[in-house]
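Me: I'm new to this one, so I'd like to ask how each label is earned. Could you walk me through it?

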Amino acid sequence: MDGDRPAGTTAGAAAGYSAAASTDPGAGTAPPADRVPVPLRRNRDFNLLWSGQAVSLLGTQMSVVAYPLLVLAATGSAAQAGIVGGATLIGALVMLLPAGVVADHYPRKRLLVITSAVQMTVVATVVPAALTHHVYLAHLASVGLIQGCASAFYLGASRGSVRRVVPPEQLQAAMSRIFARDQAAALVGPPAGGALFGLAQFLPFAADSASFGAIAATAALIRARLDPDPAGQGGAGQSGAGQGGADEPREPVRRAVTKGVRFVLSQPYLRTVTIWATAVNSIAAGMLLMVIVLARSKGATPLVIGGMMSVNAACGLGGALAAPRLNQLIGGRRMALTTSWLLPACAVGIAYAPSVWLIALLGALTTFTIMPVNVAFQARAARITPDDLQAQAGNAQQLFAISLSWLAPPVFGVLTDSMSARSAMLIAAGLYLSTAIWLQRSAELHRLDEQLAPAAAR
């Protein structure tokens, strides 16, 4: 397949098998035919990675609500309340590319443990501040910045690790469970964080700190080798410190940092997925603000708006769980096109919806259908990316995907103020429509369903 680079299998990838590695042509050397994958529910290393991250994500979602509440309680300033989240995003954006290089060149398990321990420690410093009511914006912003930087390294190491503990034919099932976990955390975490904050201001931060300890512990228990193969696969380059030859020339830092970006842009499939994700994420970031404005204009209370968000997260959870079956029955390409055309149609429907709950239903419909697309896109991206570029390419895609998301809310906010929320929503619908037309004409999308074997998930 044009632009695809094979990735090798070693003991790390074989951790998801009862007796061998994958027969998938994108995964390296074919093993004996009698070796079959172990179901994911019995894959010890995947379950350790998944469960630790589930606890950590739940704690993070609690903090997403708790940080603004803490700043508002201390200062009463909405502008200052947004600084912590902004600092976290800045830290992640700045470090995503170098973190990808580190995660592909140094022991990934060690990175998972160290970055989790760092976040556990910095979040723990908020507990005494909340207990003693000595809350300072500079302290919280520093915590957010350090968390953002650490999360970039964790994300890179985690992306590379999944490919090493899950055989290629189970990647769709694994991605489905990962997206379902994320949606479940988004569903449960914010109300739990608000409830804990109501009991005592320090509680959500103590819980978040403990959650990072949980992922550090589970990562340390993983037995599989999470690092890339000692030798580059198919000319992919060297795997890094302690893995390449002693006489290898060191790659210039600038080229090493941009290697993931160059790989993503050089692969037609990855380039297509990245452009689509960047466009959809950016528009969606602005849509959230307009949905809230429209809901408030129809008399929705904060409790009702929170309920709308919960409905959306619940449908996202359902879509993630149903993703392997839907992609198998309908096909990843048809799911991607269906979702792309639903986005502008539902945006128009939201603009003219007569009730708050119809707005919620239309938004939830797109969230449900986009989850199988995310699963299919990410599974194939993991399969065609060499092991020694998993973190770098994954972090590069993440950087592109969120690169414009920070800009959309203020832009659509200005449009809403100068025109109306309905007019701004119709502009978003037009942008979604342009994206759908572009994706419909993409030749690379036809490759989405190639070589996708049914996943042994149960």
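Reply: Sure. To judge a helix's length, take 1.5 Å times one less than its number of residues as the expected span. Helix α1, residues 44–75, has 32 residues, and its first and last C-alpha atoms are 46 Å apart, close to the expected 46 Å. Keep in mind that this is a predicted model.

Me: How do you know that α6 reaches close to its expected span?

Reply: Same kind of check. Helix α6 covers residues 171–199, 29 residues in total, and reaches 41 Å from its first C-alpha to its last, against an expected 42 Å.

Me: What makes Val65 the site of a kink in α1?

Reply: The bend is the angle between two fitted axes, one for the seven residues ending at a residue and one for the seven starting there. At Val65 in α1 that angle is about 25°, and the proline Pro68 comes shortly after. In α6 the bend is about 30° at Gly189, with Pro190 following within four residues.

Me: Which salt bridges are there, and why is Arg108 with Asp104 called one?

Reply: A search of the whole structure turns up three. The label needs a side-chain nitrogen of Lys or Arg within 4 Å of a carboxyl oxygen of Asp or Glu. For Arg108 and Asp104 the closest N and O atoms are 2.5 Å apart, so the pair qualifies. Asp45 and Arg44 come to 3.3 Å, and Asp182 and Arg181 to 3.2 Å, so these pairs pass the 4 Å limit too.

Me: Why can such side chains pair at all?

Reply: Side chains of opposite charge can do so when their charged atoms come close.

Me: Why is Arg108 called buried?

Reply: Buried means under 20% relative accessible area. Arg108 has 0%, so it is buried. Asp104, its salt-bridge partner, is buried too, at 0%.

Me: What makes Asp45 buried or exposed, and what about Arg44?

Reply: Asp45 has a relative accessible area of 7%, which is under 20%, so it counts as buried. Arg44 has 34%, and since that lies between 20% and 50%, Arg44 is partly exposed. In the other pair, Arg181 is buried at 8%, while Asp182 is partly exposed at 25%.

Me: How do you know whether His133 is buried or exposed?

Reply: Exposed takes over 50%. His133 has 61%, so it is exposed. His133 lies in the loop between α4 (126–132) and α5 (137–165).

Me: What is noted about the phi of His133?

Reply: His133 has a positive phi of about 65° although it is not a glycine. Most residues other than glycine have a negative phi. There's also a glycine with a positive phi: Gly76, just after α1, at about 75°.

Me: Why is Ala138 called exposed?

Reply: Ala138 has 59% relative accessibility, which is over 50%, so the label fits. Ala138 sits in helix α5. Its C-alpha is 9.0 Å from that of Val84, and the two residues are 54 apart along the chain.

Me: And what does the whole chain look like in helices, strands and burial?

Reply: The protein chain has 16 helices and zero strands. Of its 458 residues, 49% count as buried. Its accessible surface is about 19100 Å², with 66% belonging to carbon and sulfur atoms. Among contacts between residues at least 6 apart in sequence, 83% join residues at least 24 apart.

Notes. Residues are numbered from 1 along each chain as its sequence is written. This is a predicted model: local features need pLDDT of at least 70, side-chain atom pairs count only at pLDDT 80 or more; totals for chains, interfaces and linings use all residues. Side-chain values use heavy atoms; hydrogens and water are left out. Helices (H or I, at least four residues) and strands (E, at least two) are DSSP runs, numbered from the N terminus. Buried means under 20% relative accessible area, exposed over 50%, partly exposed in between (1.4 Å probe, protein chains only). Contact means heavy atoms within 4.5 Å. Accessible areas come from the Shrake-Rupley method with a 1.4 Å probe; for residues, only the protein chains shown count as cover.
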